[in-house]
Amino acid sequence: MKIVFITPAADIRRNSIYRLGGSFYGQKNSITGPLILGRILKEAGHDVEVYEELYKDLKPENILDADTVGIYTMTSNATRAYELADILRNEYKKRVILGGMHVSGFPEEGLKHADQVIVGEAENIIVDIIEGNIKEKIVYAPPVKDLDKIPFPDYSLLKTPCNAANVMTSRGCPFSCIFCTTSRMFYPYRQRTPDNVIKELEMYKKMGFKYVNFEDDNFTANKIRAKEILRKMIENKLVFKETFFFGRTDLANDEELLVLLRDAHLNRVLIGIESLNQKSLDYIDKKQKIEDIEKAGEMLAKYKIKLIASIVLGLDYDTVEDIRNSVEFTKKINAYQLQPAVLTPYPGTPLYEQFEKEDRIIIKDWQYYDMMNVVFQPKNMSPWKLQSEFFHAVKSFYSFSGAMKIFKLFGFEAGMRRLGLWIAANFGKTFFNKQSEKENGNIYHELYELSDSSSSELPKSSFKLS
Ligand code: SF4
């Protein structure tokens, strides 16, 4: 049987400006789920292809020979996933199966667009579903107990560009911030053994990959295990040019860990700083103090580990001033990149429940649930003002002088990437301003209309982003 897996990308992410920014932000890659399921199906005798739409639009007429199409959903790509699923089922008569984070939360919604929906982790049931031995419309899959038993992703199945291998050394996170989806989808927190991770890295070294991303939500959650993996990477010469990972500020308290991270070239990390307001950090249950954030900035600079600082915009205790303070802080510590994330009430999270109860969700079109668009009524400003602050943060952080600093601190390649992001940020703002002038079916127009027009924070004549 021929099976095609697709990870769709929302309209905005298939836009050429977004793709340009993405090419400076990081390396092209593919989420591991479909590549692992693909290997399991290939070993069971099936023919498999995998596509990441983020890098190349998928045309249904190019996969006419598929018997079954598996579509991976996150909330931000759900609208596009349903669109593709409807076309493939209705026009091309394909059998469509939906899986992933979004339909795991909304299986009934997913079933309106698919023959079957998988809720949870599919590794142990995928063959039976594909071969028709499991006939339920909604299939509940329990979490995989022993992650070492899962086969490694098969990159030979991938038909879209890729130059970084993704490795998931654990699933879930022992913390539970109120807005986080992955710590809830991948529950409970489970870890692979260091030896199993090392075997996978050996495979990527042999395949010639220069870049690796550790996809774990929190690679350094268990510092003893993280250090063992890093030591083995160094001993076995499994050091890549650059390895990206997600961490928490608490990694800065362990200097031995920082030395190993530097020596194993885990030299680009995304950390959720979230806010420089302690009340906000407590509200989201981050279990993080302002001192932890300051120390992380200082220690990462000392070990020359490039920081992607993620801040959340629109928390209930944050004002415009708090948001701007956080952005200024990331500039002061010479963060390599800024990831401003508009607070987003993802379904299945305590934040979603709170906003539903308070009737503060104003937009329910899933394609806007991408942390770049405001979909709720903030407490301390209008929706339009918060949207404007997102662009203000990008514009204020990405500057020519900031790029020059990065050249000096991290060298030519890092400086060029930062310069590229500055150019993309400028293009992006112009593009979004043009979009906001279109009245019908445009989220910016809708946000403006939803905001209180008597407020002094709204521009008088037109609604250009500040
Ligand atoms: S620390 Fe990060 S991964 Fe863990 S729950 Fe919080 S946001 Fe999610």
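Helices and strands here are DSSP runs, numbered from the N terminus, with at least four residues for a helix and at least two for a strand. With that in hand, welcome to this predicted model.

**Stop one: the annotated region.** Select residues 159–382, which an unreviewed UniProt entry annotates as the domain "Radical SAM core". Colour this stretch by secondary structure and you will see 36% helix and 17% strand. Then pick the C-alpha atoms at its two ends: they sit 43 Å apart.

**Stop two: the largest cavity.** Searching the whole structure turns up two cavities of 30 Å³ or more. Start with the largest, which holds about 140 Å³ of space. To centre your view, show Ile36, Ile150, Met168, Arg171 and Arg192, the closest to the cavity's centre among its 15 lining residues. Next, display helix H2 (32–43) and helix H8 (194–207), along with strands E7 (164–167) and E8 (170–171); each of these elements supplies at least two lining residues. Colour the lining by class and you get eight nonpolar, four polar and three charged residues.

**Stop three: the second largest cavity.** Now move to a volume of about 40 Å³. Select Tyr25, Gly26, Gln27, Tyr211, Glu242, Arg268, Tyr336, Glu413 and Arg417 to see its lining. The class colouring gives three nonpolar, two polar and four charged residues here.

Where does this cavity lie relative to domain 1 and domain 2? Give the two domains separate colours, 2–141 for domain 1 and 161–429 for domain 2. Both contribute to the lining of the second largest cavity, so this cavity lies between them.

Methods:
Residues numbered from 1 in each chain as written. Predicted model: local features only at pLDDT ≥ 70, side-chain atom pairs only at ≥ 80, totals over all residues. Heavy atoms only, no water. UniProt positions renumbered as here; feature names shortened; annotations may be inferred. 1 Å grid on protein atoms, 1.4 Å probe; cavity = no way out; pocket = protein on both sides within 12 Å on 5 of 7 lines; lining within 4 Å. Points joined across faces, edges and corners; volume = space filled by probe spheres on them. Nonpolar A, V, L, I, M, F, W, Y, C, P; charged D, E, K, R; others polar. Domains from an automatic or database assignment.
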